[in-house]
Amino acid sequence: MSAITAAGTTLLAPTRAHARPVAPDADADAFVRDIYEQYGSLLVRYAARLLDGDWHKAEDILQETAARAWKNARYLRPRGEQIRPWLYTVARNLVIDHLRTRQIRPLELMPVEDLDASWDSTESTLTAYALLRALRELTEQQRTVIRLMYYLECSVAQAAEHLGVPPGTVKSRAFYAVRALRRELEKQGVGGE
């Protein structure tokens, strides 16, 4: 409790048990670099194992874990070697949060035209434009299977369940859709070797 004096009376103001720290000091950056050096690869492997081999998401988990360590550096630094269990617990909780979020949010499909391509180079922008033009030339069925299989990265079983067709039909549609897309891109002078 801290005392506050107002007009000659002393009031007791409650202190917060978990007071939010002020911005981490300059040593926090070095602290996080040390975490990456000592535990980075271990945490990525741990998260990837929990995520069934999703290395990209595991790297996101590592970054979020490091960000939380940075925010709490003034509390964690004195713990030294005892930080390892804290890091693993944070990573595990982030994986659990990610998996719960995926269960809550159903697979949503969006039109190809609404996809936000945020590439940097002019060449990739032109390629994206050519790809969108080529996709418009495909049938709706072909665009849907490409969207499911290659953009949303659904498995054959997931795509089959979503489309209400057998897995063999999805494989066949994907094969012919990719072939048609390749033909359209070649007409535009994109791709090929």
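Arg143 and Glu140 sit three residues apart in helix H6 (residues 140-151), so about one helical turn separates them. Their side chains meet in a salt bridge, with 2.7 Å from N to O. The model shown here is predicted. This report starts from that pair and works outwards.

## Charged pairs along helices

How many salt bridges does a search of the whole structure find? The search finds three. Side chains of opposite charge can pair when their charged atoms come close. The table lists the pairs.

| Pair | N to O distance | Helix |
|---|---|---|
| Glu64 and Arg68 | 2.9 Å | H2 (residues 55-71) |
| Arg143 and Glu140 | 2.7 Å | H6 (residues 140-151) |
| Glu184 and Lys187 | 3.3 Å | H8 (residues 167-187) |

Now look at the spacing in sequence. Glu64 and Arg68 are four residues apart in H2, which means about one helical turn lies between them. Glu184 and Lys187 are three residues apart in H8, and about one helical turn separates them too. An α-helix has 3.6 residues a turn, so residues three or four places apart point the same way.

Are these side chains buried or exposed? Take the H6 pair. Arg143 counts as buried, at 15% relative accessibility. Its partner Glu140 is partly exposed, at 43%. In H2, Glu64 is partly exposed at 32%. Arg68 is partly exposed as well, with a relative accessible area of 35%. In H8, Glu184 is buried, with a relative accessible area of 15%. Lys187 is exposed, at 65%.

## The overall plan

The protein has eight helices and two strands. Start at the N terminus and the order of elements reads β-β-α-α-α-α-α-α-α-α. Of the 193 residues in the protein, 28% are buried. Contacts also reach along the chain. Take those between residues at least 6 apart in sequence: 58% of them join residues at least 24 apart.

## Two nonpolar cores

The largest nonpolar core has 25 residues. Which of them touch the most other members? They are Phe31, Ile35, Leu43, Ile61, Ile83 and Leu87. Four elements give two or more residues to this core: helix H1 (27-50), H2, helix H3 (73-76) and helix H4 (83-104). H1 provides the largest share, ten residues. Another core lies apart from this one. That core has 18 residues, among them Ala130, Val145, Cys154 and Val170.

Ile61 gives a view of the contacts made by one core member. Set aside its neighbours within four places in sequence. Ile61 is then in contact with Ala47, Leu51, Ala91, Leu94 and Val95.

## Helix H2

Ile61 is also one of the buried residues of H2. The others are Ala58, Leu62, Thr65, Ala66 and Ala69. These residues are on the same side of H2, because they cover an arc of only 135° around the axis. What do the buried residues of H2 pack against? They pack against H1, H3 and H4.

The length of H2 can be checked too. H2 has 17 residues, so at 1.5 Å a residue it should span 24 Å. Its end C-alpha atoms are 24 Å apart, which agrees. At the start of H2, a side-chain oxygen of Asp54 comes to within 3.4 Å of the backbone nitrogen of His56.

## Helix H4

H4 has 22 residues. From first C-alpha to last, H4 reaches 32 Å, close to the 32 Å expected at 1.5 Å a residue. Its buried residues are Ile83, Leu87, Tyr88, Val90, Ala91, Leu94, Val95 and His98. Seen down the axis, they fall within an arc of 160°, so they line one face of H4. Which residues are exposed on the other side of H4? Arg100, Gln103 and Ile104 are exposed there. The cover over the buried residues of H4 includes H1, H2 and H3.

## Putting the pieces together

H1, H2, H3 and H4 each give two or more residues to the largest core. The buried residues of H2 pack against H4, among others. H2 in turn is one of the elements that cover the buried residues of H4. The salt bridge between Glu64 and Arg68 belongs to this part of the picture, since both residues are in H2.

Terms used: Residues are numbered from 1 along each chain as its sequence is written. This is a predicted model: local features need pLDDT of at least 70, side-chain atom pairs count only at pLDDT 80 or more; totals for chains, interfaces and linings use all residues. Side-chain values use heavy atoms; hydrogens and water are left out. A salt bridge is a side-chain nitrogen of Lys or Arg within 4 Å of a carboxyl oxygen of Asp or Glu. Buried means under 20% relative accessible area, exposed over 50%, partly exposed in between (1.4 Å probe, protein chains only). A nonpolar core is a set of buried Ala, Val, Leu, Ile, Met, Phe, Trp, Tyr and Cys residues joined through side-chain atoms within 4.5 Å. Contact means heavy atoms within 4.5 Å. The expected span of a helix is 1.5 Å times one less than its number of residues. The arc is that of the directions from the helix axis to the C-beta atoms. A polar contact is a pair of N or O atoms within 3.5 Å; within protein, one must be able to donate a hydrogen and the other to accept it, and residues adjacent in sequence count only if both atoms are side-chain atoms.
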